[in-house]
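Here is a short tutorial dialogue on reading a salt bridge and a pocket in a structural model. Please keep the view below open while following the turns.

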Amino acid sequence: MTIQALVILFISSCSPPTMTNPDTGEVDGGKIYKNYCKSCHGPKGDRGLSNAADLSKSTLKENEIRQIILYGTDNGMSAYKSVLTAEKEIEALVKHVKSLQQ
């Protein structure tokens, strides 16, 4: 294998994970959550690691969830407006976070 082929193989293996459902082609909010949010909020939104909010107990509305995702909080959550740039990704994540509320 040539060096050029190895470089191409390496670069292609570094691509970000796909955030779409392979069956429907729709953006999958659960996959986005798993990739960016699960480590602090937990799989069900109730972990609260590193001062993360318990999403299962949240009463926030979708527009409030969206603002927090985009701009972060004073409690330490980072802003994701430069990470999640596609409107479909943001909307899918908002809906997933909303679904974690009990």
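**Reading a salt bridge and a pocket**

Q: Is Glu87 buried or exposed, and how should its relative accessible area be read?

A: Since this is a predicted model, what follows describes computed coordinates. A residue counts as partly exposed when its relative accessible area lies between 20% and 50%, and Glu87, at 45%, is therefore partly exposed. Arg66 also counts as partly exposed, with a relative accessibility of 23%.

Q: Which residue does the side chain of Glu87 meet in a salt bridge?

A: The general idea is to look for a side-chain nitrogen of Lys or Arg within 4 Å of a carboxyl oxygen of Asp or Glu. Here the side chain of Glu87 meets that of Arg66, with 2.9 Å from N to O. The two residues are 21 residues apart and link distant parts of the chain, Glu87 belonging to helix α5 (residues 87-99) and Arg66 to helix α4 (residues 62-71).

Q: How many salt bridges does a search of the whole structure find?

A: The search finds 1 salt bridge.

Q: What is the volume of the largest pocket, and which residues lie nearest its centre?

A: Its volume is about 530 Å³, and among the 25 residues that line the pocket, those nearest the centre are His41, Ala52, Ala53, Ile68 and Met77. Two or more lining residues come from each of α3 (38-41), α4 and α5, and α4 gives the most, with 3 residues.

Q: How do the residues of this lining divide into nonpolar, polar and charged?

A: The lining of the largest pocket has 16 nonpolar and 9 polar residues, with no charged ones.

Terms used: Residues numbered from 1 in each chain as written. Predicted model: local features only at pLDDT ≥ 70, side-chain atom pairs only at ≥ 80, totals over all residues. Heavy atoms only, no water. Helix = DSSP H or I, 4+ residues; strand = E, 2+ residues; numbered from the N terminus. Buried < 20%, exposed > 50% of the residue type's maximum accessible area, 1.4 Å probe, protein only. 1 Å grid on protein atoms, 1.4 Å probe; cavity = no way out; pocket = protein on both sides within 12 Å on 5 of 7 lines; lining within 4 Å. Points joined across faces, edges and corners; volume = space filled by probe spheres on them. Nonpolar A, V, L, I, M, F, W, Y, C, P; charged D, E, K, R; others polar.
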